[in-house]
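The following paragraphs are intended to be read alongside the sequence and the coordinates. They proceed from local backbone features to the domains and to the pocket between them.

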Amino acid sequence: MRHSVLLIDDDSEMSVMLTELFKRESVDLTTAEDGVKGLDEALNGDYELILLDVMLPGIDGMQLLQRLRQQHRDTAVLMLTARGDDDDRVMGLELGADDYLPKPFNPRELIARVKALLRRTPNTTMQSERLSVCGINLDPATTEVHCDGSELILTPTEFDILRCLMQQAGHMVSKDQLSVAALGRKMEPFDRSLDVHISNIRKKLPTKPDRIQTIRGRGYRLLASL
């Protein structure tokens, strides 16, 4: 099965290299070298994953991501950030990125991250029964989530985190378990991505009661009932 991925990055040499590399991995890579073209392609194309650089001419990666999510486009997004720039990573996750990878990166590491995210997208995720816990209704077949009668617009990663918590409602789920389920990888030292995703989910749920409990230093637990 071939996959369709969009790369938005102004590094033309890297784009050519990655295009050839991904061909061997059954991935068709479309490239855009500035934010304006990238946003148009992201909104009008049919992609399973977007690789998005932060520093772009025209519209930067953060603005592009924000506009994409404002249009309720839930395509998975992997941000490519400068190494050591924690502010960009956190901001990208808060705006709805699914994961990030600092530059410069090993191409094999990028491929591993891409494969992990592609395994989780709606087109490839194994279907399972609907879940209904604590006033939240989740349908894996349609990737729709409703809470107290209102639809929640979640990113693919937020969806997978919430589903994992719902499947084990009333029990603590460790950070490593959630990271593997949602990102396809274990937590890394000083990795704040999971905490930001949980914060985003909480903001989208009704404020009272707080359905997701933090087990300090260990993980999270979803209330089994209100």
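A residue is called buried here when its relative accessible area is under 20%, exposed when that area is over 50%, and partly exposed in between. With a relative accessible area of 6%, Cys134 is therefore buried. The model in which this residue is placed is a predicted one. Cys134 belongs to the loop that connects strand E6 (131–133) with strand E7 (136–139). Its backbone deserves attention, since Cys134 is not a glycine and yet has a positive phi of about 55 degrees.

Asp148 provides a second case of this kind: it too is not a glycine, and its phi is positive, at about 55 degrees. Asp148 is located in the loop between strand E8 (144–147) and strand E9 (150–152). For context, most residues other than glycine have a negative phi, and most peptide bonds are trans. The second half of that statement has its own exception in this chain, for the peptide bond from Lys103 to Pro104 is cis, with omega near -10 degrees. Pro104 sits in the loop that joins E5 to helix H5 (107–120).

The overall arrangement may be considered next. The domain assignment divides the chain into domain 1 (3–119) and domain 2 (131–222). The contact between them draws on 15 residues of domain 1 and 16 residues of domain 2. Taken over C-alpha atoms, the centres of domain 1 and domain 2 are 23 Å apart.

The UniProt record, an unreviewed entry, contributes two annotations for residues 128–224. One is "DNA-binding region", and the other is "domain: OmpR/PhoB-type". In the model, this span is 34% helix and 26% strand, and its end C-alpha atoms lie 19 Å apart.

Where does the second largest pocket lie with respect to the domains? Both domain 1 (3–119) and domain 2 (131–222) give residues to its lining, so the pocket lies between them. Its volume is about 210 Å³. The lining comprises 15 residues, and those nearest the centre of the pocket are Arg69, Gln70, Leu95, Gly96 and Lys204. Helix H3 (61–70), helix H4 (86–95) and helix H8 (193–204) each provide at least two lining residues. H3 makes the largest contribution, with 3 residues. In terms of residue class, the lining holds 6 charged, 6 polar and 3 nonpolar residues.

Of the helices that line this pocket, H4 can be followed further. Its buried residues are Asp88, Arg89, Val90, Gly92 and Leu93. These buried residues pack against H3, strand E4 (76–82), strand E5 (99–103) and H8. Directly after H4 comes Gly96, with a positive phi near 120 degrees; Gly96 is also among the residues nearest the centre of the second largest pocket.

Another part of the surroundings of H3 and E4 is the loop between them, in which Arg73 is found. Arg73 has a relative accessible area of 33%, and because this falls between the limits for buried and exposed, the residue counts as partly exposed. Leaving aside residues up to four places away in sequence, Arg73 touches Ala42, Leu43, Asn44 and Leu68. One of these partners, Ala42, is 31 residues from Arg73 along the chain, and their C-alpha atoms are separated by 8.8 Å.

A final site concerns Ser179, which is part of helix H7 (residues 175–183). Is Ser179 buried or exposed? Its relative accessible area is 0%, so Ser179 is buried. When residues up to four places away in sequence are not counted, Ser179 touches Gly184, Arg185, Lys186 and Met187. Gly184 lies in the loop between H7 and H8. At 37% relative accessibility, Gly184 is partly exposed, whereas its contact partner Ser179 is buried. A C-alpha separation of 26 Å lies between Gly184 and Ala32, which are 152 residues apart along the chain.

Definitions and conventions:
Residues are numbered from 1 along each chain as its sequence is written. This is a predicted model: local features need pLDDT of at least 70, side-chain atom pairs count only at pLDDT 80 or more; totals for chains, interfaces and linings use all residues. Side-chain values use heavy atoms; hydrogens and water are left out. UniProt positions are given in the numbering used here, feature names are shortened, and annotations may be inferred rather than shown by experiment. Helices (H or I, at least four residues) and strands (E, at least two) are DSSP runs, numbered from the N terminus. On a 1 Å grid over the protein atoms alone, a cavity is a set of points where a 1.4 Å probe fits but cannot get out, and a pocket is an open set with protein on both sides within 12 Å along at least five of seven lines; lining residues have an atom within 4 Å of a point. Grid points are joined across faces, edges and corners, and a volume is the space filled by probe spheres set on the points. Ala, Val, Leu, Ile, Met, Phe, Trp, Tyr, Cys and Pro count as nonpolar, Asp, Glu, Lys and Arg as charged, and the others, Gly among them, as polar. Domain bounds come from an automatic or database domain assignment. Buried means under 20% relative accessible area, exposed over 50%, partly exposed in between (1.4 Å probe, protein chains only). Contact means heavy atoms within 4.5 Å.
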